[in-house]
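The following exercises concern salt bridges, burial and strand pairing. Please study the sequence and the structure before reading each solution.

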Amino acid sequence: MLASWFRLKYPHVALGALASSAPVLYFDDITPQNGYYSIVTKDFREASESCYETIRESWSEIDRVASEANGLSILSQKFRTCNQLNNAYELKYYLEAGYTMAAQFDDPPSYPVTMICSGIDGAPEGSDVLSRIFAGVIALRGNMSCYSINAAGFSIQTVGETNSPDLSVETVEGWAWQRCSEMVMPIGRGENDTMFPPAPFNLTAFIHYCTTSYGVSPRPHWVTTYYGGHDIEFILSRFGSNIIFSNGLRDPYSIGGVLKNISQTIVAIPTVNGSHCLDIVPAKSTDPEWLVMQRKAEVDIIESWISQYNADLHAIKK
């Protein structure tokens with residue numbers, strides 16, 4: 001996002017921008033609030049219908065077990081949590097983070113979504129819903145003596161050979177701060193519109209969270225006021241240039257991205273099997289051919305910008 005906005009704000013400094021996985025339209029309700037979780041759901045459903053159904057069923061089953069006598073102890077034992085669960089929400093949030101990050105960073109060659117679903121679908125015959133869910137956790141994280149159930153402790157790197165970053169405390173807190181202070185993304189979900197339980201975006205609750213956590217009050221219209229976003233095709237086709245919007249369509253944030261060309265010099269490069277920022281991580285020998293070709297296309301476009309700039313500069317100096 002910042003690359004595209006920098007190009008628009010400072011064209012005299014930046015010749016062009018490669019905006020990889022930039023959800024520039026996920027503000028001010030330009031994109032449906034449930035878009036992010038709809039893509040996560042699509043990714044899992046495409047991987048396995050039975051896996052998708054198991055995950056859908058699991059939330060109410062967690063609540064049911066948690067409501068029983070010693071229910072939280074039962075869940076803690078079943079999911080091998082390092083510490084006793086204080087409530088069902090802790091477990092559900094942990095699982096949600098695993099599913100969403102697996103979809104966002106569904107990188108080759110490991111493909112975390114497929115790993116989770118292989119674990120869920122490959123659980124021993126007769127396994128109950130929560131045993132199958134835990135089999136998915138093991139497939140994703142590995143067979144550990146215990147699992148730390150907290151958001152900051154979640155790291156997609158434990159999936160295996162992925163290109164995704166370690167979601168350390170600094171990363172989690174930094175992104176939370178940025179969402180509160182500048183980039184208010186109204187991401188939520190309704191009743192039965194994804195594989196997750198309902199959790200609509202509530203601006204009042206979000207403001208309370210931000211003021212309590214960081215002492216800042218969110219500005220939900222600031223991004224679209226300062227950088228734009230509404231009617232982006234109409235606006236940018238008239239004054240913008242030299243921006244590549246690349247999006248992997250398996251990345252949940254792609255729902256808020258620019259997915260078609262706006263002009264000859266503001267172009268979209270969507271990839272059906274791509275994930276979050278996959279095109280700008282270091283190349284690997286195992287990269288699929290479509291990813292190699294995507295990077296080549298981006299380099300070719302950038303080289304054309306530089307060539308045109310040098311030609312224009314030469315013409316001016318004649």
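A residue counts as buried under 20% relative accessible area, as exposed over 50%, and as partly exposed in between. The model used throughout is a predicted one.

**Exercise 1.** Determine how Glu 233 and Lys 260 are joined, and classify each as buried, partly exposed or exposed.

*Solution.*
Step 1. Glu 233 and Lys 260 form a salt bridge, in which the closest N and O atoms are 3.6 Å apart.
Step 2. The two residues belong to distant parts of the chain, 27 residues apart: Glu 233 is in helix H11 (residues 232-239), and Lys 260 is in the loop between strand S2 (243-248) and strand S3 (266-271).
Step 3. Glu 233 has a relative accessibility of 38%, so it counts as partly exposed.
Step 4. Lys 260 has a relative accessible area of 54%; because exposed means over 50%, Lys 260 is exposed.

**Exercise 2.** Identify the network that contains Lys 42 and Asp 43, and classify these two residues.

*Solution.*
Step 1. Salt bridges with shared partners connect Lys 42, Asp 43, Glu 46, Asp 106 and Arg 250 in one network.
Step 2. Within it, the side chains of Lys 42 and Asp 43 meet at 3.5 Å, N to O.
Step 3. Lys 42 counts as partly exposed because its relative accessibility is 32%.
Step 4. Asp 43 has 0% relative accessibility and therefore counts as buried.

**Exercise 3.** Explain which parts of the chain the pair Glu 96 and Arg 189 ties together.

*Solution.*
Step 1. Side chains of opposite charge can pair when their charged atoms come close.
Step 2. The side chains of Glu 96 and Arg 189 form a salt bridge at 3.0 Å, N to O.
Step 3. Glu 96 lies in helix H5 (residues 88-104), while Arg 189 lies in the loop between helix H8 (169-181) and helix H9 (203-214); the pair therefore ties together parts that are 93 residues apart in sequence.
Step 4. Both Glu 96 and Arg 189 are buried.
Step 5. In total, the structure holds 14 salt bridges.

**Exercise 4.** Describe the sheet: in what order do its strands lie, and which are the edge strands?

*Solution.*
Step 1. Strands of a sheet pair through backbone hydrogen bonds, either parallel or antiparallel.
Step 2. Here three strands form an open sheet in the order S1-S2-S3, with parallel pairing.
Step 3. Strand S1 (17-20) and S3 are the edge strands, since each pairs on one side only.
Step 4. From one strand to the next, the twist averages 15 degrees.
Step 5. S1 and S2 are joined by four bridges, and Leu 18 has Ile 244 in S2 as its bridge partner.

Terms used. Residues are numbered from 1 along each chain as its sequence is written. This is a predicted model: local features need pLDDT of at least 70, side-chain atom pairs count only at pLDDT 80 or more; totals for chains, interfaces and linings use all residues. Side-chain values use heavy atoms; hydrogens and water are left out. A salt bridge is a side-chain nitrogen of Lys or Arg within 4 Å of a carboxyl oxygen of Asp or Glu. Buried means under 20% relative accessible area, exposed over 50%, partly exposed in between (1.4 Å probe, protein chains only). Two strands pair if DSSP finds at least two bridges between them. Axes are lines fitted to C-alpha atoms, for helices over the stretch in contact, and angles run from 0 to 180 degrees between N-to-C directions.
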